[in-house]
Amino acid sequence: MIDKKDLRIGLALSGGGVRAAAFHLGVLWRLAVDGLLEKVTHISTVSGGTLVTGLIYTGAENNWPDSQRFMAESVPHVKRVLTTKRLQWRLMIWGIIEILFFRSPIFSSRAKALSRVMQRLWGIKGEIKDLPKDPLWVINATTYESGKNWRFTPDRMGDYKTGFTENPSIPLADAMAASAGFPALIGPLHLDCTKYKWINYSYVDSGKKVRYPDDDESLEPKKESTEATFSKVHLWDGGVYDNNGLEALYKICADDYKHGVNYLVVSEAGRKLEPTKYACIFKRLRRILDVSMDQVRSLRARSIGRLLEHDIGEGALFQIGNTAKYILTKAEYPEKQREELIKGALSEKQAQKVAGFKNTLKRISDQQFDLMCRHGWEVADFTLIGYYRSWFEHKPYPGGVK
């Protein structure tokens with residue numbers, strides 16, 4: 001077992017709209033109490049996870065805050081934005097303006113409009129290339145044309161089928177809008193590939209080119225100039241490909257686990273798929289998409305245990321909807337202490353209320369924020385003390401965010 005002081009954390013924050021944003025904030029808040037935000041080396045985000053990370057960066061002058069600054073500034077900043085700023089309402093108004101005055105098609109994408117609204121309403125600013133590289137933030141989207149995971153980082157953007165462009169000169173808000181561009185509600189970000197220079201990476205092993213490196217750390221990447229496979233790409237919600245953001249962490253860090261990441265934290269806030277009646281054709285298409293995404297999410301969740309066991313060895317999965325009783329019982333926490341902790345925690349009904357909150361960008365109330373944030377805190381707290389008892393002590397949710 002690694003020493004707590006030597007942790008190098010890879011952080012994966014799932015999609016799920018404002019529900020995920022508030023839940024993840026609670027998770028990060030709990031980590032900050034133990035001074036762990038300074039130990040984060042990689043961040044991979046999707047949709048709601050991207051939105052809350054963007055708010056955290058914006059509140060800290062486009063930097064990742066240390067634990068003290070996060071608790072003092074980031075938590076109240078994110079709460080203020082999520083509970084007072086009407087992002088979805090503004091997006092709808094802007095969409096109507098585009099239809100009436102700019103003759104935009106009714107069913108056209110609203111991703112660019114979302115980017116503009118986030119810049120004006122949330123204060124999102126700057127370009128991807130100007131973000132710090134420590135920790136490395138990976139913003140995930142899905143490329144319609146290639147069907148692959150498109151990644152934005154300060155170093156590069158692209159996917160291995162389309163190609164990559166280095167130091168991408170693209171607004172942070174655009175990348176966030178692409179990551180959160182849910183197909184049925186917002187739509188894709190249109191990206192003109194002809195504006196950028198493209199390269200591919202290959203690795204040489206005994207004179208033979210291979211697409212990816214293996215465990216041999218002596219392999220060095222080779223850059224080759226190329227033309228983008230597509231003149232234009234359409235970037236959808238990252239959750240269509242991988243709602244947990246694990247793919248980026250696994251592949252980008254695959255040759256760097258020994259030096260870059262030794263503890264994986266996955267905060268999973270995807271909405272549970274509920275039974276429903278057969279509906280009209282539009283709802284049927286949405287249902288098919290929901291079923292597909294839920295299946296991918298379930299498969300990813302099952303793979304996390306194997307990933308932790310065989311590839312990294314240490315880490316934690318914080319899953320929305322899990323109660324203190326469920327977590328501590330599964331972790332075989334001492335029964336007498338377990339019962340005491342359960343008494344002060346959220347109930348099954350409250351946890352399921354958070355897990356069942358719709359995927360939306362609507363403003364939430366103070367009460368909704370506090371419930372979602374507290375649930376994230378408690379899931380993180382009980383998971384940490386359940387599985388890493390020698391590292392962590394139980395910390396009750398502090399609440400009282402102004």
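Is E332 buried or exposed? I started my notebook with that one. E332 turns out to be exposed, with a relative accessible area of 66%. Since the cut-off for exposed is over 50%, the label fits. I should jot down right away that I'm working with a predicted model.

**Entry 1: more on E332**
I looked up where E332 sits, and found it in the loop between α10 (324–330) and α11 (335–343). Then I checked its backbone. Phi of E332 is positive, about 55 degrees, although the residue is not a glycine.

**Entry 2: S47**
I went looking for another positive phi and landed on S47. Its phi is near 50 degrees, and S47 isn't a glycine either. I found S47 in the loop between β2 (40–45) and α2 (48–59). Buried or exposed, I asked myself about S47? S47 is buried, because its relative accessible area is 9% and buried means under 20%. So I have E332 down as exposed and S47 down as buried.

**Entry 3: a cis peptide bond**
Which residues does the cis peptide bond join? I noted D134 and P135, with omega at about 0 degrees. P135 belongs to the loop between α5 (111–122) and β3 (136–143).

**Entry 4: the whole chain**
I stepped back and counted elements: the chain has 13 helices and 13 strands. Of its 402 residues, 52% count as buried. For the accessible surface of the chain I wrote down about 19200 Å², and carbon and sulfur atoms hold 52% of that surface. I also looked at contacts between residues at least 6 apart in sequence. Of these, 75% join residues at least 24 apart.

**Entry 5: the nonpolar cores**
How many residues are in the largest nonpolar core? I got 97, and W122 and F152 are the ones that touch the most other members. Helix α1 (residues 17–33) gives this core its largest share, 11 residues. Apart from this core lies another one, made of five residues, and I spotted A12, L246, L249 and L264 among them.

**Entry 6: zooming in on F152**
What does F152 touch, if I skip residues up to four places away in sequence? My list for F152 starts with I128, W137, V138, I139 and A141. It goes on with M157, I170, A175, A178 and L235. I clicked through these partners of F152 in the viewer, and W137, V138, I139 and A141 fall in β3 (136–143).

Conventions: Residues are numbered from 1 along each chain as its sequence is written. This is a predicted model: local features need pLDDT of at least 70, side-chain atom pairs count only at pLDDT 80 or more; totals for chains, interfaces and linings use all residues. Side-chain values use heavy atoms; hydrogens and water are left out. Helices (H or I, at least four residues) and strands (E, at least two) are DSSP runs, numbered from the N terminus. Buried means under 20% relative accessible area, exposed over 50%, partly exposed in between (1.4 Å probe, protein chains only). Contact means heavy atoms within 4.5 Å. Accessible areas come from the Shrake-Rupley method with a 1.4 Å probe; for residues, only the protein chains shown count as cover. A nonpolar core is a set of buried Ala, Val, Leu, Ile, Met, Phe, Trp, Tyr and Cys residues joined through side-chain atoms within 4.5 Å.
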